[in-house]
Amino acid sequence: MAKNKRAYSKDDNTNPFDKARDELLSHILQCGVLQAEPEHQKDWFDDTMEYLAERYSTLSKKDLKQIRTVGEQYCRPVKRHESEVGATS
């Protein structure tokens, strides 16, 4: 008995905000901006957000700002917290 499975499509339940966010994160990984200097990252984000604003014209300025914030946080280095392993109190 073969079951008819519907092929999963990312676009089925994804809203423009999620699409734009996912596209930004994908661009970050593909473009090497993670290794760029902070001033170059800013320029890159300015250009990329302008592109996303045109591509996803239904998004508000607030939405675009939130997406940029997510992207900028993604580019920040992880803060390591030093703690003593195996220390007892």
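This tour proceeds from the whole chain to a few charged residues that may be selected in turn.

**The whole chain**

The model on display is predicted. Begin with the full chain in a cartoon representation: its secondary structure consists of three helices and zero strands. Followed along the sequence, these elements give the pattern α-α-α.

Next, switch to a surface representation. The accessible surface of the chain amounts to about 7,700 Å², and carbon and sulfur atoms account for 49% of that area. Of the 89 residues in the chain, 20% count as buried.

How are the contacts distributed along the sequence? Among contacts between residues at least 6 apart in sequence, 67% join residues at least 24 apart.

**Helix α1: D18, R21 and D22**

The tour now turns to charged side chains. The whole structure holds six salt bridges. Select helix α1, which covers residues 16–31, and display the side chains of D18 and R21. These two residues form a salt bridge, with their closest N and O atoms 3.1 Å apart. Why can they be regarded as one turn apart? D18 and R21 lie three residues apart in helix α1, so about one helical turn separates them.

Keep R21 selected and add D22. R21 also forms a salt bridge with D22, and here the closest N and O atoms are 2.9 Å apart.

Are these side chains buried, exposed or partly exposed? D18 is partly exposed, with a relative accessible area of 23%. R21 is likewise partly exposed, at 24%. D22 has a relative accessible area of 30% and is partly exposed.

**Helix α2: K42 and D46**

Move on to helix α2, residues 38–55, and select K42 and D46. Their side chains meet in a salt bridge, at 2.8 Å from N to O. The two residues are four apart within helix α2, so the separation between them is about one helical turn. D46 is partly exposed at 29% relative accessibility, and K42 is partly exposed at 48%.

Which residues belong to the network that includes this pair? Add R68 and E72 to the selection: salt bridges with shared partners join K42, D46, R68 and E72 into one network.

**Final view**

To close, display the selected side chains together on the cartoon. In helix α1, D18 and R21 are paired, and R21 is paired with D22 as well. In helix α2, D46 is paired with K42, and both belong to the network that also contains R68 and E72.

Definitions and conventions
Residues are numbered from 1 along each chain as its sequence is written. This is a predicted model: local features need pLDDT of at least 70, side-chain atom pairs count only at pLDDT 80 or more; totals for chains, interfaces and linings use all residues. Side-chain values use heavy atoms; hydrogens and water are left out. Buried means under 20% relative accessible area, exposed over 50%, partly exposed in between (1.4 Å probe, protein chains only). Contact means heavy atoms within 4.5 Å. Accessible areas come from the Shrake-Rupley method with a 1.4 Å probe; for residues, only the protein chains shown count as cover. A salt bridge is a side-chain nitrogen of Lys or Arg within 4 Å of a carboxyl oxygen of Asp or Glu.
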